[in-house]
Amino acid sequence: MVQDTKHILQGNAKVLKADVSRYAVYGVVIAFGAIFIATLLLSHYETGSVSLSGAIAVQKSNVALWILDAMPFVFALWGQYVGSMIAYEASALVIDQTNELRAQATALRKEAAHGVTHDTLTGLPNRTLVMDRLNQAIAAAHEKDQMLSVILIDLDRFSELNNALSRHQGDQALNQVAARLRGLARDTDTVGRVGADEFVLIVSRTSTSELDSHRIAASIVEALKTPFLLDGVKVDIQASMGITVFPTHGGDADSLLQRAEVAMYAAKRDKTGFAVYNKKHEKNNPRKITLAGELRESLESGVLYLQYQPKMTLNNMTLEGVEALLRWPHPEHTLISPAEFIPLAERTGLIRPVTSWVIDQSLEQLSRWGKKGFFPSVSINISAQDLNNEELFDHLTGLLASYGIDPNRIVLEITETSIMLNEEHATNMLRRLSDIGVRISIDDFGTGYSSLAHLSELPIYEIKIDRSFVQDMDTNPKHAKIVRAIIDLGHNLGLNVIAEGVSKREIKDELQTMRCDAIQGFYLSVPISPEEIPNWLKQNKVRLPYLPVDVYSENEKKRSIV
Ligand code: C2E
Ligand code: MG
Ligand code: MG
């Protein structure tokens with residue numbers, strides 16, 4: 001490198017010097033010209049004529065001419081010297097600048113290469129590099145007969161959070177998650193970002209396959225537990241994780257990552273935080289199901305149906321009502337959970353006809369039950385997009401009128417984030433619905449990001465505590481505290497509070513002491529067909545609520561089935 005620079009320097013100096021020398025030669029020629037003219041003038045001045053002998057005489061006798069004669073040589077030498085110096089300096093300058101430009105170009109090239117392999121927001125390796133590292137890790141593990149784990153981490157409801165907060169806060173959240181994950185990884189592990197809210201952790205040299213992965217997944221859950229501070233706002237972010245182990249669950253990068261995704265969806269659906277891949281998860285793999293078109297077909301061909309899950313009051317064990325839950329028997333995948341296909345319907349805009357169908361069916365069912373003297377209220381789940389659908393209001397009120405059903409028997413369940421997503425329309429629509437007597441329930445309460453101040457201004461009748469807090473409140477004191485706080489909060493705001501996901505007597509008892517108003521869950525009943533509801537009521541000797549005389553005839557009430 002030093003040799004190279006010296007070479008270039010000498011070469012450049014030569015070129016520049018040649019240029020400078022040319023001008024020095026012009027200078028010398030001009031100087032000689034000046035001597036020639038001066039000699040002739042002096043000879044004329046001293047001898048009175050211009051002759052060669054006169055010129056020789058003045059050249060011999062005049063000291064000033066001697067000095068002038070020396071000038072071309074002095075200037076030629078000086079010119080050569082200065083020229084060389086300038087040429088060297090200029091060349092050095094050019095080389096310095098070239099080196100700087102070269103360094104800049106290298107940095108830019110490096111940056112561009114980094115951009116190809118890294119995520120610009122978090123600086124983590126992107127999918128390309130993750131796949132590359134995973135392939136290398138697999139090769140190394142294979143050679144040394146070791147195991148490795150792939151943990152796919154997907155943030156829960158991140159798109160909702162992102163919509164509810166500012167863009168900057170969303171970016172902050174992703175950066176902070178990335179930092180926490182990086183903090184957990186060892187030097188030999190890779191943390192990467194492979195999707196908008198999807199991260200991957202490749203853990204090399206896992207010793208005992210699943211045990212190790214469980215430990216790591218548990219530490220990720222733990223690391224995310226501390227609330228995130230986004231521009232001064234405290235936000236809880238949870239994640240669902242899918243885990244695969246090499247070579248148990250796959251021998252190449254693609255299948256390990258794909259199966260980790262399948263396991264992640266299972267964890268998300270079951271709200272278990274993380275799941276190690278299991279073949280059983282495959283049948284619910286949303287990747288495999290190209291559902292959108294099929295869902296539309298199923299809706300049109302009438303294969304969708306509703307099940308109903310009872311809700312009971314806790315103070316006098318009376319039927320509070322039933323919740324309509326949509327079911328889709330898919331020919332290949334048996335039953336697909338609505339937790340999977342409803343988001344799909346929301347994404348494809350199919351949710352409007354789906355909700356409309358659910359409303360049709362539930363009201364028709366109410367009317368059918370009414371004819372048998374059974375008048376429960378029904379809860380219907382609606383999505384964010386339904387709230388800006390003007391037709392929904394007309395559709396519902398039209399049906400209520402034509403079946404003669406009291407709007408008070410309709411409860412619309414909506415998640416807090418759905419309201420936040422569409423605040424203005426949502427508030428408007430909820431007010432209109434509540435004005436005609438329809439009751440509004442906030443579903444999955446505790447998992448969203450709503451502002452309580454805002455919620456208290458909405459015409460809400462009920463909050464429904466999310467089952468993730470309820471289902472383990474007998475063993476998880478933190479969750480029990482959250483449930484108690486939500487119950488107190490609801491009561492302070494004058495709301496009815498119901499707990500969903502009650503699966504054991506102990507939980508029901510605890511909720512009773514916490515003065516929760518109502519419960520729903522497998523402890524009472526799993527969702528069942530409408531035909532089974534009357535039997536269930538009989539078998540469980542469930543009391544029916546008081547019904548206003550002016551709405552239903554005495555005859556209808558006498559025919560009551562319980
Ligand atoms: P959700 O409205 O919170 O409904 C309660 C879910 O919890 C139901 O799941 C129910 O089967 C389940 N569940 C009830 N008790 C227990 C229990 O004790 N333990 C456990 N582990 N689970 C219990 P499902 O039917 O799979 O529905 C999932 C979600 O899909 C619903 O959650 C709701 O958000 C959505 N969904 C269902 N039907 C509809 C619909 O017609 N329209 C819309 N927009 N969403 C729907
Ligand atoms: Mg619900
Ligand atoms: Mg719920």
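A donor here is an N, O or S atom within 2.8 Å of the metal. With that in hand, let's walk through this predicted model, starting at its metal ions.

**Two magnesium ions**

Take the magnesium ion (ligand 2) to begin with. Its donor residues follow the sequence spacing E-x57-N-x31-E-x29-D. Put names to those letters and you get E323 (OE), N381 (OD1), E413 (OE) and D443 (OD), which coordinate the ion at 2.0 to 2.3 Å. Distant parts of the chain come together here: E413 belongs to strand 12 (residues 410–415) and D443 to strand 13 (residues 439–445), and the two are 30 residues apart. E413 is buried, with a relative accessible area of 1%, and D443 is buried too, at 7%.

Now for the magnesium ion (ligand 3). Its coordination comes from D443 (OD), D444 (OD) and E500, which is listed with two OE entries, at 2.0 to 2.4 Å. The spacing of these donor residues in sequence reads D-D-x55-E. D443 sits in strand 13, while E500 is in the loop between strand 15 (496–499) and helix 18 (505–513), so this pair ties together parts that are 57 residues apart in sequence. D443 and E500 are both buried.

Which residue coordinates both magnesium ions? That's D443, and the two ions it bridges lie 4.2 Å apart.

**Salt bridges around the ions**

The structure has 16 salt bridges. Several residues from the metal sites turn up again here, as this table shows.

| Salt bridge | N to O distance |
|---|---|
| D444 and R157 | 3.5 Å |
| E323 and K464 | 2.7 Å |
| E413 and K464 | 2.6 Å |

Start with D444, the residue that also coordinates the magnesium ion (ligand 3). D444 lies in strand 13 and R157 in the loop between strand 1 (147–155) and helix 5 (158–164), so their salt bridge ties together parts that are 287 residues apart in sequence. Are these two residues buried or exposed? D444 is buried, with a relative accessible area of 15%, whereas R157 is partly exposed, at 28%.

Next comes K464, which forms a salt bridge with E323 and another with E413. Both of those glutamates also coordinate the magnesium ion (ligand 2). E323 is in strand 9 (residues 319–330) and K464 in strand 14 (residues 462–465), so that pair joins parts that are 141 residues apart in sequence. E323 and K464 are both buried. As for the other bridge, E413 is in strand 12 and K464 in strand 14, so here the parts tied together are 51 residues apart in sequence. E413 and K464 are buried as well.

There's also a network to look for: D154, D156 and K268 are joined into one by salt bridges that share partners.

**A pair of helices**

Finally, have a look at helix 12 (residues 390–403) and helix 14 (residues 423–435). They pack at an angle of about 10 degrees, and their axes are 11 Å apart. Angles under 35 degrees count as roughly parallel, so helix 12 is roughly parallel to helix 14.

Which residues make the contact? Helix 12 brings E390, L392, F393 and L396, and helix 14 brings M429, R432 and L433. Sorted by class, this contact has five nonpolar residues, two charged ones and no polar ones.

Note on methods
Residues are numbered from 1 along each chain as its sequence is written. Chains are lettered from A and ligands numbered from 1 in the order in which they are written. This is a predicted model: local features need pLDDT of at least 70, side-chain atom pairs count only at pLDDT 80 or more; totals for chains, interfaces and linings use all residues. Side-chain values use heavy atoms; hydrogens and water are left out. Donors are N, O and S atoms within 2.8 Å of the metal (3.2 Å for Na, K and Ca); water is not among the atoms, so sites may look incomplete. Helices (H or I, at least four residues) and strands (E, at least two) are DSSP runs, numbered from the N terminus. Buried means under 20% relative accessible area, exposed over 50%, partly exposed in between (1.4 Å probe, protein chains only). A salt bridge is a side-chain nitrogen of Lys or Arg within 4 Å of a carboxyl oxygen of Asp or Glu. Axes are lines fitted to C-alpha atoms, for helices over the stretch in contact, and angles run from 0 to 180 degrees between N-to-C directions. Angles under 35 degrees count as roughly parallel, over 145 as roughly antiparallel, 65 to 115 as roughly perpendicular and the rest as oblique. Contact means heavy atoms within 4.5 Å. Ala, Val, Leu, Ile, Met, Phe, Trp, Tyr, Cys and Pro count as nonpolar, Asp, Glu, Lys and Arg as charged, and the others, Gly among them, as polar.
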